[in-house]
Amino acid sequence: MLTVLMVVAVLIIIILASIAWYYQSRVNKMEAVKKEQLHEIDELKNNHQQYLNNSIQVLAQGLIDDQLSLTEGAIRISVLMDNLKINDGHREEFSVFFQLAEATAHIPILGAWKKLSKKEKSRFEKEKMATEEKYREFVIDAAKRIKGRNF
């Protein structure tokens, strides 16, 4: 009788050990998949950050080369920097982009711009030009300093 109990006990131990091994192998596989997914997420994040950085570089060069308006460049660069979640030091160093974007934020764009009368458009254009002239030197300087930088 004792032998039968020992055999049953050994069988139970073998069964439990097999179940434990099975679940441990599943946990190991799930951890490997999780690790791979985290790696892929990090890679996507890095690629996205590099894309945003490259976009900032292109816009900065466009400002230097006078290929886009200072307002458009400042708005786009400030949005990209916000998306990059730049640190306070960089935000302060390149605050001119945020300042110009804020100074012109009330000017209608896209569909709202099309709905304006010629007189209203002219008034906003004059205001935008005056604001851009006020910030021109600072924006161009910041655009030159931003070249080659990564955030």
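Colleague: Which residue takes a positive phi just after helix 1?

Modeller: This is a predicted model, in which local features need pLDDT of at least 70 and side-chain atom pairs count only at pLDDT 80 or more, while totals for chains, interfaces and linings use all residues. Residues are numbered from 1 along each chain as its sequence is written, and side-chain values use heavy atoms, with hydrogens and water left out. Helices (H or I, at least four residues) and strands (E, at least two) are DSSP runs numbered from the N terminus. Just after helix 1, a positive phi of about 60° is taken by D66.

Colleague: What span does helix 1 reach from its first C-alpha to its last?

Modeller: Helix 1 has 63 residues. The expected span is 1.5 Å times one less than the number of residues, and here that is 93 Å. The model comes close to this, at 92 Å.

Colleague: Which helices do the buried residues of helix 1 pack against?

Modeller: Buried means under 20% relative accessible area, exposed over 50%, and partly exposed in between (1.4 Å probe, protein chains only). In helix 1 the buried residues include S25, L52, N53, I56, L59 and L63. Their packing partners are helix 2, helix 4 and helix 6.

Colleague: Which residues have the most contacts inside the largest nonpolar core?

Modeller: A nonpolar core is a set of buried Ala, Val, Leu, Ile, Met, Phe, Trp, Tyr and Cys residues joined through side-chain atoms within 4.5 Å, and the largest one here has 25 residues. Two or more residues each come from helix 1 (2–64), helix 2 (70–84), helix 4 (95–103) and helix 6 (118–146). Inside this core, the most contacts belong to M81, F97 and I146.

Colleague: Which residues are in contact with F97, leaving aside neighbours within four places in sequence?

Modeller: Contact means heavy atoms within 4.5 Å. With those neighbours set aside, the partners of F97 are L63, A74, I77, S78, V139, A142, A143 and I146.

Colleague: What residue in the segment after helix 6 lies 6.7 Å from N53, C-alpha to C-alpha?

Modeller: The pair is 98 residues apart in sequence. Not counting residues up to four places away, the residue in question touches N53, I56, M81, L84, I86, H90, F94 and I146. It is F151.

Colleague: Which residues does T131 contact, leaving aside neighbours within four places in sequence?

Modeller: T131 sits in helix 6 and counts as buried, at 13% relative accessibility. Its contacts beyond those neighbours are L100, A103 and T104.

Colleague: What distance separates the C-alpha atoms of K118 and F97?

Modeller: K118 is in helix 6 and is exposed, with a relative accessible area of 76%. K118 and F97 are 21 residues apart along the chain. Their C-alpha separation is 28 Å.

Colleague: Which residue forms a salt bridge with E72?

Modeller: A salt bridge is a side-chain nitrogen of Lys or Arg within 4 Å of a carboxyl oxygen of Asp or Glu. An α-helix has 3.6 residues a turn, so residues three or four places apart point the same way. E72, partly exposed at 32%, lies in helix 2 with its partner, 4 residues apart, about one turn of the helix. The two side chains meet at 2.9 Å, N to O, and the partner is R76.

Colleague: Which residue meets R91 in a salt bridge?

Modeller: R91 is partly exposed, with a relative accessible area of 31%, and its partner is partly exposed at 38%. The bridge is 2.3 Å, N to O, and the partner is D82.

Colleague: Which residues are joined into one network with E93 by salt bridges that share partners?

Modeller: The side chains of R145 and E93 meet at 3.2 Å, N to O. This pair links distant parts of the chain, with R145 in helix 6 and E93 in helix 3 (residues 88–93), 52 residues apart. R145 is partly exposed at 31% and E93 at 29%. The residues joined with E93 in the network are D141, R145 and R149.

Colleague: How many salt bridges does a search of the whole structure find?

Modeller: Among them are E72 with R76 and R91 with D82. The total is 6.

Colleague: Which helix gives the largest share of the lining of the largest pocket?

Modeller: On a 1 Å grid over the protein atoms alone, a pocket is an open set of points where a 1.4 Å probe fits, with protein on both sides within 12 Å along at least five of seven lines, and lining residues have an atom within 4 Å of a point. The volume, about 440 Å³, is the space filled by probe spheres set on the points, which are joined across faces, edges and corners. There are 16 lining residues, of which T71, I75, I107, P108 and I109 lie nearest the centre. Helix 2, helix 5 (110–114) and helix 6 each give two or more residues, and the largest share, 4 residues, comes from helix 2.
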